[in-house]
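Me: I would like to learn how to read a structural model feature by feature, with the general idea placed before the particular case. Could we go through one together?

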Amino acid sequence: MSTNTDVSLSSYDEDQGSKLIRKAREAPFVPIGMAGFAAVVAYGLYKLKSRGNTKMSVHLIHMRVAAQGFVVGAMTLGMGYSMYQEFWAKRKP
């Protein structure tokens, strides 16, 4: 049983920051969705004190639906953008 240690692992050589930047360039709507999710959650937590007589469970459900809606919207826009890039924006030879 011999192990081959000469295998190049170039994808494992990059650190987390450069990997995130590379992935953000490949799919720009993913970081937008992540940032929107974080913003909706932060806003929901900020408004937690001033929710009035709304039950906590109802407030949390509304916050979850808003955050999921933002992420799904960003994914839909990203998919539409990539479809446009792949099918309609290509130069015809």
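Reply: Let us start from a single residue, L77, which is found in helix 4, and keep in mind throughout that the model is predicted.

Me: Is L77 buried or exposed, and how should I read the value behind the word?

Reply: The word exposed is used for a relative accessible area over 50%. L77 has a relative accessible area of 54%, so L77 is exposed. Its C-alpha atom is separated by 10.0 Å from that of G33, although their positions lie 44 residues apart along the chain.

Me: Which helix holds Y43, and what separation is found between its C-alpha atom and that of M63?

Reply: Y43 has its place in helix 3, and with 53% relative accessibility Y43 also counts as exposed. The C-alpha atoms of Y43 and M63 are separated by 8.7 Å, the two residues being 20 apart along the chain.

Me: How many helices and strands does the protein chain have?

Reply: The protein chain has 4 helices and 0 strands, which, read along the sequence, gives the pattern α-α-α-α. Of the 93 residues in the protein chain, buried residues make up 10%.

Me: Where in the protein chain is confidence lowest, and where is it highest?

Reply: For a predicted model, confidence is read from the pLDDT, which runs from 0 to 100. The mean for the protein chain is 81, with 84% of the residues reaching 70 or more. Confidence is lowest in helix 1, residues 10–13, with a mean of 62, while helix 4, residues 56–88, has the highest mean, at 89.

Me: What should I ask of the largest pocket, and which residues lie nearest its centre?

Reply: One can ask about its space, its lining and the chemical character of that lining. The largest pocket holds about 180 Å³ of space, and among its 14 lining residues A27, F29, V30, A74 and G78 lie nearest its centre. Helix 3, residues 29–46, and helix 4 are the elements that give two or more residues to this lining; helix 4 gives the most, with 7 residues. By character, the lining of the largest pocket divides into 10 nonpolar residues, 3 polar and 1 charged.

Me: How many salt bridges does the structure hold, and how should I read the separation of E26 and R22 along helix 2?

Reply: The structure holds 1 salt bridge, formed between E26 and R22, whose closest N and O atoms are 3.2 Å apart. The distance falls within the 4 Å cut-off for such a contact. Because E26 and R22 are 4 residues apart in helix 2, residues 16–26, about one helical turn separates them. As for accessibility, E26 counts as exposed at 52%, whereas R22 is partly exposed, with a relative accessible area of 32%.

Me: How many aromatic pairs does a search of the whole structure find, and why is the pair of F87 and W88 given its particular label?

Reply: A pair of aromatic rings is described by the distance of the centres and the angle of the planes. The search of the whole structure finds 2 aromatic pairs. In the pair of F87 and W88 the ring centres are 6.4 Å apart and the planes stand at 75 degrees, so the pair is edge-to-face, that label being used for angles over 60 degrees. F87 is exposed, with a relative accessible area of 54%, and W88 likewise counts as exposed, at 61% relative accessibility.

Technical notes: Residues numbered from 1 in each chain as written. Predicted model: local features only at pLDDT ≥ 70, side-chain atom pairs only at ≥ 80, totals over all residues. Heavy atoms only, no water. 1 Å grid on protein atoms, 1.4 Å probe; cavity = no way out; pocket = protein on both sides within 12 Å on 5 of 7 lines; lining within 4 Å. Points joined across faces, edges and corners; volume = space filled by probe spheres on them. Nonpolar A, V, L, I, M, F, W, Y, C, P; charged D, E, K, R; others polar. Phe/Tyr/Trp six-rings, centres within 6.5 Å; stacked < 30°, edge-to-face > 60°. Buried < 20%, exposed > 50% of the residue type's maximum accessible area, 1.4 Å probe, protein only. Salt bridge = Lys/Arg side-chain N within 4 Å of Asp/Glu carboxyl O.
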